[in-house]
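Q: I've got a model open and I'd like to learn how to read its helices, its buried residues and its charged pairs. Can you walk me through it?

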Amino acid sequence: MERHSKARAHTNIALIKYWGKRDETLFLPMNSSLSLTLDQFYTETTVELSDSFEKDSFILNDRLQDDSETTKISRFLDLFRQEAGIQTPAKITSQNFVPTAAGLASSASAFAALGAAMNDASGLKMDLATLSTYVRRGSGSATRSVYGGFVEWQMGTNSADSMAVEIDDASWDIGMITVAVNTNKKTVSSRDGMKLTVETSAFYPAWLESTAKDLRLIKEAIYKHDFQQLGEITESNGMKMHGTMLGATPPFSYWEALTVEVLTKIREIRRQGWQCYFTMDAGPNVKILCRYSDAEAIQKLLTTAFPDNPVIISKVGGGVKLI
Ligand code: 2P0
């Protein structure tokens with residue numbers, strides 16, 4: 001067997017956060033989440049399947065990866081190989097177009113691109129909803145990168161129905177700005193952080209209850225194109241997620257001193273009349289939901305306040321594509 005497929009997938013930022021698994025092997029989440037796919041940051045991956053290869057190999061950003069990285073990828077590819085009834089070894093070549101200066105995780109776009117290329121190369125050619133249930137098992141957030149615009153990851157009841165659903169293409173003047181606070185590798189991985197939170201946080205039951213309500217309200221805001229409601233729920237949900245970490249034992253936090261300064265600045269910019277709302281993931285960097293038409297003006301205000309920190313604008317991105 002000789003096959004060759006290439007795919008591109010964009011990263012996504014959750015507005016309603018995924019923070020915790022109910023099944024760590026199947027990557028079933030504790031709650032449904034909702035994200036915005038970003039145009040600016042993406043991964044391109046080629047899968048070559050050939051019986052002439054001795055074993056799987058994995059090249060990321062022009063560097064051959066070691067056995068431990070390659071094994072993770074092989075396990076993921078095995079899900080597809082099993083379904084397709086093949087055992088053909090693969091050569092994976094992947095390029096991340098996520099500027100290191102942005103401090104954004106790339107596992108969402110990485111597994112979505114790899115899954116889409118493998119879906120084609122293996123001959124499975126499953127539809128996007130089904131593909132989302134496969135890429136979920138590489139990284140939870142990858143589930144949502146299968147589609148563009150606003151995407152819900154429905155928690156589902158089992159592995160086959162915990163999938164992505166397209167909510168809206170977000171073609172109504174939506175943008176996102178990233179302020180890079182610190183782009184070093186984080187000390188607590190999101191996988192470990194969410195596990196500790198689920199197992200020990202005093203606030204976790206309240207998080208789950210409140211997130212279910214936030215999801216209903218944010219979908220209502222998206223259907224109505226109500227930007228203010230969209231932004232207010234985004235900001236509130238992200239902060240509640242970070243609150244759960246302070247309630248864990250031992251408590252932990254991804255925030256840095258500069259993070260607080262950036263959040264304070266965004267509130268100030270909002271008081272000046274700009275519609276902008278912040279969210280944060282498993283790191284100290286800040287993402288700002290705004291009108292795309294306002295993004296340059298807001299970027300200028302932020303760059304003036306934080307001249308040493310990259311401030312990057314992105315418009316809304318599309319779903320995974322074969323290229
Ligand atoms: C999210 N994050 O919804 C949340 C918010 C970070 C904070 O998904 O263990 O890399 O691979 O499923 O998807 C980051 O965690 O974790 C993440 P795994 P993932 O975007």
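## Reading helices, burial and salt bridges

A: Sure, and keep in mind that this is a predicted model. Let's begin with burial in one helix: in H2, Ala 108, Ser 109, Phe 111, Ala 112, Ala 113, Leu 114, Gly 115, Ala 116, Ala 117, Met 118, Asn 119 and Ala 121 are buried. That makes 12 of the 15 residues, which puts H2 among the mostly covered elements.

Q: How many residues does H2 have, and what span does it reach from first C-alpha to last?

A: The idea is to set the end-to-end reach beside what 1.5 Å a residue would give. H2 runs over residues 107-121, 15 in total, and reaches 21 Å, close to the expected 21 Å. Right after the helix, look at the backbone too: Gly 123 has a positive phi of about 80°.

Q: What covers the buried residues of H2?

A: For this you look for contacts from other elements. The cover on H2 includes three helix and strand neighbours from early in the chain, namely strand E1 (2-16), strand E4 (33-50) and helix H1 (67-84). Strand E7 (90-97), helix H3 (128-135) and strand E14 (321-322) are also included.

Q: And H3, which of its residues are buried?

A: Ala 129, Leu 131, Ser 132, Thr 133, Tyr 134 and Val 135. With 6 of 8 residues buried, H3 is mostly covered. Its cover includes H1, H2 and strand E9 (164-168), and H3 in turn is part of what covers H2.

Q: Now a single residue. Is Glu 152 buried or exposed?

A: Relative accessibility settles that one: buried means under 20%, so Glu 152, at 4%, counts as buried. Glu 152 sits in strand E8 (residues 150-153).

Q: What does Glu 152 touch?

A: Leaving out residues up to four places away in sequence, the contacts are Ser 32, Ser 33, Leu 34, Met 163, Ala 164, Val 165, Ile 167, Leu 215 and Lys 219. Take Leu 34: Glu 152 is 118 residues from it in sequence, yet their C-alphas are 4.2 Å apart. With Lys 219, there is a side-chain to side-chain polar contact at 2.8 Å.

Q: How should I think about charged pairs, and how many salt bridges does the structure hold?

A: Side chains of opposite charge can pair when their charged atoms come close. Here the structure holds 15 salt bridges. One of them joins the side chains of Lys 6 and Glu 44, at 3.7 Å from N to O. Lys 6 is in strand E1 and Glu 44 in strand E4, so this pair ties together parts 38 residues apart in sequence.

Q: Are Lys 6 and Glu 44 buried or partly exposed?

A: They split. Lys 6 counts as partly exposed because its relative accessibility is 31%, while Glu 44, with a relative accessible area of 13%, is buried. Arg 8 belongs in this picture as well: Lys 6, Arg 8 and Glu 44 are linked in a network of salt bridges.

Q: Which residue forms a salt bridge with Asp 56?

A: Arg 81, with the closest N and O atoms 2.8 Å apart. This pair links distant parts of the chain, 25 residues apart: Asp 56 is in the loop between E4 and strand E5 (57-60), and Arg 81 is in helix H1. Asp 56 is buried at a relative accessible area of 16%, and Arg 81 counts as buried at 6%.

Q: Got another one for me to try?

A: Try Lys 287 and Asp 281, a salt bridge whose closest N and O atoms are 2.9 Å apart. Lys 287 is buried, and so is Asp 281.

Technical notes
Residues are numbered from 1 along each chain as its sequence is written. This is a predicted model: local features need pLDDT of at least 70, side-chain atom pairs count only at pLDDT 80 or more; totals for chains, interfaces and linings use all residues. Side-chain values use heavy atoms; hydrogens and water are left out. Helices (H or I, at least four residues) and strands (E, at least two) are DSSP runs, numbered from the N terminus. The expected span of a helix is 1.5 Å times one less than its number of residues. Buried means under 20% relative accessible area, exposed over 50%, partly exposed in between (1.4 Å probe, protein chains only). Contact means heavy atoms within 4.5 Å. A polar contact is a pair of N or O atoms within 3.5 Å; within protein, one must be able to donate a hydrogen and the other to accept it, and residues adjacent in sequence count only if both atoms are side-chain atoms. A salt bridge is a side-chain nitrogen of Lys or Arg within 4 Å of a carboxyl oxygen of Asp or Glu.
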